[in-house]
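Biologist: Can you walk me through this one? I'd like to start with how the chains meet.

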Amino acid sequence: MSNEYIELHARSAYSFQRGGSQPEILAETAAEEGLEVMAVCDRDGVYGAPKFHSAAREWGIRPIVGCELTMDDESVLPVLVETRTGYRNLCRLITRAKIRAPKGESRILWSELRFYSDGLVALTGDEKGPLWRARDRDGHKGLKSILEDLLEIFSRGNVYIELQRHRVRGENLQLRILRDLAQAFQLPLLATNGVGYATPSIRPVVDAFTCLRHKTHLDEAGRLLSINGERHIKGPRVMQKLFGDMPEAVDNTWRLGERLEFTLEDLGYAFPRFSTPAGETMDSFLWKITFFGAEQRYGGLTPEVRAQLERELKLITRLGFSGYFLIVWDLVNFCRQEHIMVQGRGSAANSAVCYSLGITAVDPVGGKLLFERFLSEGRKTWPDIDLDLPSGDRREQVIQEVYRRYGKHGAAMTANVITYRGRSACREIGKVLNFSEEMTNRFSQLYTHGDFPHTLELERQLKKAGFQPEHPRTVALIRLYHLILRLPRHLGQHSGGMIICQDELDSVVPLENATMPGRVVAQWDKGDCEDMGIIKVDLLGLGMMAALQDTLELTRRRGRPVDLAHIPKDDGPTFKLIRAADTVGVFQIESRAQIATLPRMKPKTFYDLVIEVAIIRPGPIQGNMVHPYLDRRAGRAPVEYIDDRLQPILERTLGVPLFQEQMLKIAMVMADFSGAEAEELRRALSFHGSKERMNRVQIKLKKALQERGHPPKVVEEIVSAISSFALYGFPESHAISFALLAYGSAYLKAHRPVEFFTALLNNQPMGFYVPATLIQDARRHGLRFFPVSVQVSEWDCTVVNDTCIRLGMRMAKGIGKENALAMIEERNGTGFASLADFQLRSGFNRDERRALASVGALNDLAGNRRSALWGIEEELRADDFFDLQLHEEDARGPGPLQLMNRMERLRADYRGLGLTTGSHPMKFCRPHLPDVWRASDLDQGTNGKLVKVAGAVICRQRPATAKGFVFISLEDETGISNVIVTPKFFEQYRLTIVKESFLTITGVLQSQEGVIHIKAEKIEPMARRGLSTGDSHDFH
Amino acid sequence: MFGVLSVPDFALEAILALESDLRDRPVALMERVGQKSRIRQRNERARTCGVDPGMTAGQAKARCEDLIFRERSQSAEDLAGKALFLNAYTLSPLVEKTAEGLCTVDVSAAPPVSLRESGDKLVRNLHRQGYSARLGLARTPDLAAFAARCAEPLYVVEDEASFLDQLPVEFADPPDRILDVLDQWGIATMGELTALSRIEISRLGAEGVHLWDRAGGWKSRLLATTSLPREFKEQHEFELPLERLDPLLFILRRLLDQMAFQLEISFKVAKGMALRLDLEGGGIHRRKFGVPEPTRDPELLLRMLFTHLEGLRTDQPVKGVGLMLYPREQQERQRGLFEAQVRDPRRLSETVSRLMALVGQQRSGRALLENSHRPESFRLEPFGEPQSDGLEATSLPEVRGLQLRRFRPALSVAVATEKNYGEPQMLRAKLIRGRVVDCSGPWVLSGHWWDQGRWSREEWDVELADGGLYRLASIHGSWFLEGEYD
């Protein structure tokens, strides 16, 4: 290291509203400015440290870890990490402060600091630092006493007087005071720039954040705002000139920098050890249980299986991952013991060991899956095992079990960093710029369904919302929006990623409280943990797993159990249902895009289903793989290979690369990449990678291909296929895992619809469709639904017989679970004899009774809804016998109110249940719509015919891959019609499409291989008063 | 007999009365309900496009692309409410301000025929002022209120039973909770409601019984009457700040018309007038006018204001206006022997206004430091305004050292600078010139980057060869000598 200035005090945007630049940008700018070392000291955490670490390494900068600690006297003390002990102390200190404070806050006690100061170096900070705080509080005496405290806590040699110069009049006087103090206490001076952002152009971001923090706007903020834009990264020459009168302050930076030996490479993380039976090591035990499990699953080991298991186990042992497999195996066993359905997904399904241990359900040997996608020699990161669990309470049970096993400071959820984006960012910037709330609200409301910059840039969106484009503040809004976009806003928790540690996890990464009670979250996200070599287990909640488990339980209870492991893999009715795209409610293949592909794909085997799951993904769509595959499958195009050597790899997918494994194999065969190199290529091209890294691996691949003498055309084709695909492509193993669930759910829909739909309704919200759509679909399959009834219904929906489902109390809006269960318990003791009896014993308040009466849940007691609505309004007293008698007589009479007509009942159903067990609302409108086609009649229309369809909007979709096209699904009493809207047309009718719940659409019928779409030419709101519909599934 | 004078969709009507150019365009009034803004009222044009109350802005725009949104304006509603009250007062002095946009008048003493005539007249008068008012006349206040809702624009209830039978139950303004129950019961009209017995309806509690009584039109009540306001004061806040005089004069005329009407029915004249303009940056412009010849002629009063405003230039657009008249009893003037008489009161007011125009509005008032890093930034507030809060103390210690004598205005100066770092080396102003022997700086300041108020400057402290110490500032490439240190 040359003897030049290094920057030891910088905040990144991970200081949450206190820094303006991403850590990666800080690293890049530091490199451009010629800094060799830089420390990022985020406020009360090391949130940005991993990202800065990785970026700094790429730019050739040594990254130092630091932190600004908010103390209990509100002063801010910057500390730098010198050793691993210092880092552990820092993490523990922050964890203590975070865990005891409300979410988002942290106050370190001066009294506890001394116990965690070892290995840390303290700076005196800027105007918010302890020195000036003490002086403001206690005058010059305060300066002396705080320095004595710092020396006592950190000891001499570990306290630096920090000098910052931001070209503000008056600061020289402060610096003179600091220099005098340094002399008096014989402390070293240290120059820093207190960096808040990478370049001067980012200063507005910091001002905007200041306003947000102080809940004010720029016109009111006055002197809270920065005085100038000098807190940017400055290079050694500038800083040497700036501190020309105090060169020792600059010299001390590199001297201190040399001392600060700790970087995140020295994290000291170790995965927990698994306690094995006596006489067994973790390795030997893993071998033993793997082969035991393999015997069970394979029913005898073939040489091929044995060889694969041995190869995998040797590698696992060599890489030291045995403990990890054992711990996951143990967790899976826990799930089995607790009767919680569990299935490993992702690349783990490429492993025969995982299959043998019962972690995954896919046989990779039989499926010829590529193990290297999961684990390979020379790989730096831990393998990834994701477990799918039933969402809800059962998944929470597993998460709490992990906390129980490893302690509150031994396990944590990974963070999910919420960033500034979309209309919420615009709204906050609008507030900062003092636009009226009404104005920002209007913008938000007009764009409730996200931003669509690819067809309508922000400027035009704003104009449409009434912002004058030429107004200077609109210009500032747009500028700020682009500066703030994707900066971190606050920390959330990842949906399922958990990290655990051998020793206390809080010495590896600071932990803090999640919003959810009982959860602790780490300061790093999933990618950071992966980059830092921290192993994570994803405990993901799948609604469909819960629904499947419930379905199977229902089949068991009804005496005809289904075992998914033993259902035929070539079941005719199941494939017929899939080919007919009758897949509402079926896992994965129920989406509009899947439904549109199924009739063209015509799956006949399980592997076809695997391809179906994988093909409707952004990767194949962006890589233009979908049409070539379908064309080849239909025989419209010949099966070709880029190179003959690829035939064995791509044969299964007709020469079209669809899976990540195929990409890796292509790189291995065509460019002689090792398994680890191929996996590194995939990771670099994934969305976690930086552009720089992506370019580097692309060049490496290209070079390797060229060196092996491939023609330029082949090189280009391979590089382009791999690049576009690695981003989103599915691993084949993952597609197989998902296809298993898809097939299982399709099988259950085909053979056990009554249990299947019951379970689906009991696990809402999940999947693609709302209950109203599921019920309409079930009705089309011959099922009948009985309404909610306080006399019969349970909390969940229940199976009445092979064709009937009774809706549960859970479907009634406004009814709490606790009250409903109490009512059911009361009823199960002695049934309700009358409406009065129900009123007195049910415990429901008047609003709840009203909600139940309006949806017909009291009809069994009152005869009809109106009688019930009339009866429940009377307040009864249990001790007034006379009153009670009168009420019962009254209730037996017809009552003074008219019966509800059909439309009134429909309206009440949608209002109180969000669905109807009766006819679809469109049935009532049909007589008024003579020129409108029913969804079920569309297949009789000829291609190119102009048709008009109408219905409830159940889905509006604008996939990122569809280049701005919008897909609308309209539901009527006969089924669903699908409409395509061009981007231009969407902008023209944006609000009608987004806001109206019933639409009439005129367009050209397009029928292709059994797939019918209507290309919209005219869109109108049906605007029929009194019509009701449930919610729609929007813009997923 | 009671009369109810009402303006339907009052909050929107109040705004449209002041923005008459919007009458023929679809307009909706937004109101915040919980977290969301929703449409509260809309005009007929918007209604025919399918815009309904309760919709969000987005839903409404989906139905009507040209829809114009307005927010509630308290000042417009105050003005309209007062107009309604003053007009109702012409029917009878027993006037109750019953609700927003609704006055009930006890007209028992008036003969029915003259009531129709005067009612008709006052409705027309309100129409001229821009309010679509309706008048209902009936035996009880409640019936009159229902009649007002059916009036086009005048309705006298004669056959009470058949009148009530088909009226929507919403006319009786039931609480939302009760309306909800009635909706579930399938009861939509007052006739259906009153078909139930009073005992039956008692299951809805006191509110239900009260509603039932209202729907039957059986009960009368005493009015809580309000007397004429003693103050002659009006004010208005603009939705968008004004930069031109015309719209300001339009509003002033509306205010003066109303105040003149109030003077008229109070039998008073104005002896003085006070104008207040609220400016966007927080500044206030005030001006008092004596009316040498007391009058209630709005034309005359407006001309006095116009003369003053014509020469007035404000730094910021006008966001609000207030007007107050000082009344006195109308009396025949008795010229005393020694009474000083103004020969031409109009000319006097005009002269005062012109004098103010000559001195300049910007140069009068009290200077207050702005809360900004910008050196010496200040704003002017008129004398007599309550003092604003002081600035927050900065975290930097106060700068101590030599005192600076400022040159006002700062002297333009030519400066030769060092190539690399831009340090001043030589300077030449009109009276001060010399070689720089020492300097400190630059002190860099900038701010207000978010609109046209953006500024930036660099300051240097320089010592010249002759020993003089000066403050030098570079602003957008030009140099200025700002002062000399003692």
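Modeller: Contact here means heavy atoms within 4.5 Å. This is a predicted model, where local features need pLDDT of at least 70, side-chain atom pairs count only at pLDDT 80 or more, and totals for chains, interfaces and linings use all residues. Residues are numbered from 1 along each chain as its sequence is written, chains are lettered from A in the order in which they are written, and side-chain values use heavy atoms, without hydrogens and water.

Biologist: OK, how many residues does each chain put into the contact?

Modeller: Chain B gives 53 residues and chain A gives 62 residues.

Biologist: And how much area do they bury between them?

Modeller: About 5,300 Å², with 51% of it on carbon and sulfur atoms. Buried area is the accessible area (1.4 Å probe) that two parts lose on being put together, summed over both. On the chain B side, Arg203(B), Trp449(B) and Trp450(B) lose the most, together 17% of what that side buries.

Biologist: How many salt bridges across the interface?

Modeller: Eight, by the rule: a side-chain nitrogen of Lys or Arg within 4 Å of a carboxyl oxygen of Asp or Glu. One of them joins Glu423(B) and Lys241(A), at 3.4 Å from N to O.

Biologist: Different topic. How do β2(B) and β3(B) run?

Modeller: Antiparallel, joined by six bridges. Strands are DSSP runs of E, at least two residues, numbered from the N terminus, and two strands pair if DSSP finds at least two bridges between them.

Biologist: What's in the turn?

Modeller: The hairpin has two residues between its strands, and Gly34(B) in the turn has a positive phi of about 65 degrees. Leu29(B) has Gln41(B) in β3(B) as its bridge partner.

Note on methods:
Helix = DSSP H or I, 4+ residues; strand = E, 2+ residues; numbered from the N terminus.
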